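Me: Hi! I'm new to this one and would love a friendly walk through it. Could you take me around?

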Amino acid sequence: MVRIALVDDDIEFHALFSKYIRNFFHKNNILHELRLYNCPETLRYDLKEGRQSDLYFLDIEMPEMNGFELAKFMRKEAPSSMLVFLTSHLEYAVEGYEVQAFGYIPKNLLSEKIEGTLERFLTEMRKKTRKAYVIEGGSRFERVEYEDIVYMYKDKKNTVFVLMDRQISFRKPLREVFDEVDSDCFMYIERGYVVNIEHIIRLVDKDLELRDGTTLHIGRTFVKKVKKTILHFWKDRI
């Protein structure tokens, strides 16, 4: 079952949104559950009680707590959930990458954008169920989810995976690991460093700020390609 949630203080919008969600999942013969919240505090309570959804649609402009403030709380309680912001002002878009926004939908374009967003969401869900790198060697066997890898780097003859809470080092050249990783989310930013684009918060000049607080410098020969890749990746989510 796919679990969807909407957080929006506009009760009239709930009915319109519900219709689009119901039509999409019925058309695709997918069992779903839709939770409707008109108050961020109610959602906060549900999250603390362990009631999570796979995909959240958050209105940015709410009186009690705006969508970005709510999203920062949600990232602690439901880190694997995907977040889509609903707004009338796309200038907010860049701010949303700090909370790893999956996308944006202008409210006046809901009928045009909702289906594409849901299809992309289903595609990402299917990817996440199987996308992982397996480290093997001697008696060692470890499965590392792609989404958990913030970046990786070369350490002599080893590759080091940097996760949010730890590092994993194993004996294999970085170039070989990069070739084995089946995902467009990873890119070289210099000869010895590969970054997961989904963990990039912001790009300033030639520096990348990552979700774990790390700042990495982009190599001179990689700058143009890195900026172009990030731009395309972010545009696909708006």
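Reply: Happy to! One term to begin with: contact means heavy atoms within 4.5 Å. Also keep in mind that this is a predicted model.

Me: Good, then let's use that term. Which residues does Asp-8 touch, leaving out those up to four places away in sequence?
Reply: Asp-8 touches Phe-13, His-14, Tyr-37, Asn-38, Asp-59, Met-62 and Lys-107, once residues up to four places away in sequence are set aside.

Me: And where is Asp-8 found?
Reply: Look at the loop between strand 1 (2-7) and helix 1 (11-27); Asp-8 has its place there.

Me: Is Asp-8 buried or exposed?
Reply: Asp-8 counts as buried, because its relative accessibility is 0% and the cut-off for buried is under 20%.

Me: What does its side chain reach?
Reply: The side chain of Asp-8 reaches the backbone nitrogen of Asp-10, at 2.8 Å.

Me: You listed Asp-59 as well. What does UniProt say about Asp-59?
Reply: An unreviewed UniProt entry carries the annotation "modified residue: 4-aspartylphosphate" for Asp-59. In the model, Asp-59 has its place in strand 3 (residues 55-59). Asp-59 is buried, with a relative accessible area of 5%.

Me: Which residues does Asp-59 touch, again not counting those up to four places away in sequence?
Reply: Val-7, Asp-8, Asp-9, Gly-67, Leu-86 and Lys-107. Lys-107 is also among the residues that Asp-8 touches.

Me: Let's zoom out. Which domains does the domain assignment give?
Reply: The assignment gives domain 1 (2-129) and domain 2 (138-236). Their C-alpha centres lie 28 Å apart.

Me: Which residues does the UniProt annotation "domain: HTH LytTR-type" cover?
Reply: That annotation, from an unreviewed entry, covers residues 133-232. Over those residues the chain is 17% helix and 49% strand. The C-alpha atoms at the two ends of that stretch are 25 Å apart.

Me: Strands, then! How do strand 6 and strand 7 pair?
Reply: Strand 6 (residues 132-137) and strand 7 (residues 140-145) pair in the antiparallel sense, over six bridges. One bridge to look for goes from Glu-136 to Phe-141 in strand 7. The two strands form a hairpin with two residues between them, and Gly-138 in the turn has a positive phi of about 65°.

Me: What about strand 8: which strands does it pair with?
Reply: Strand 9 is one partner, paired with strand 8 in the antiparallel sense over six bridges. Strand 12 (residues 193-196) is another, running antiparallel to strand 8 and joined to it by three bridges. Tyr-151 has Val-162 as its bridge partner in strand 9, and Tyr-153 has Tyr-193 as its bridge partner in strand 12.

Me: Why is strand 8 described as largely enclosed?
Reply: Five of its seven residues are buried, so strand 8 is largely enclosed by the rest of the structure.

Me: What's going on at Lys-156?
Reply: Lys-156 takes a positive phi near 60° in the hairpin of strand 8 and strand 9, which has two residues between the strands. This residue is found in the loop between strand 8 (149-155) and strand 9 (158-163). Lys-156 counts as exposed, because its relative accessibility is 73% and the cut-off for exposed is over 50%.

Me: Why point out a positive phi?
Reply: Because most residues other than glycine have a negative phi. Asp-205 is another case, with a positive phi of about 55° although it is not a glycine. Asp-205 lies in the loop between strand 13 (200-204) and strand 14 (207-210), and counts as exposed at 61% relative accessibility.

Me: New topic: how many disulfides does the structure hold?
Reply: Zero. As for cysteines, Cys-39 is buried, with a relative accessible area of 16%, and Cys-185 counts as buried at 15% relative accessibility.

Me: Last stop: where is Gly-219, and what is it in contact with?
Reply: Gly-219 is found in the loop between strand 15 (215-217) and helix 7 (223-235). Neighbours within four places in sequence aside, Gly-219 is in contact with Ile-189 and Glu-190. Gly-219 and Ile-189 are 30 residues apart along the chain, and their C-alpha atoms are separated by 6.1 Å. Gly-219 is buried, with a relative accessible area of 15%.

How values were computed: Residues numbered from 1 in each chain as written. Predicted model: local features only at pLDDT ≥ 70, side-chain atom pairs only at ≥ 80, totals over all residues. Heavy atoms only, no water. Disulfide = S-S within 2.5 Å. Buried < 20%, exposed > 50% of the residue type's maximum accessible area, 1.4 Å probe, protein only. UniProt positions renumbered as here; feature names shortened; annotations may be inferred. Helix = DSSP H or I, 4+ residues; strand = E, 2+ residues; numbered from the N terminus. Pairing = 2+ DSSP bridges. Polar contact = N/O pair within 3.5 Å; in protein donor to acceptor, adjacent residues only side chain to side chain. Domains from an automatic or database assignment.
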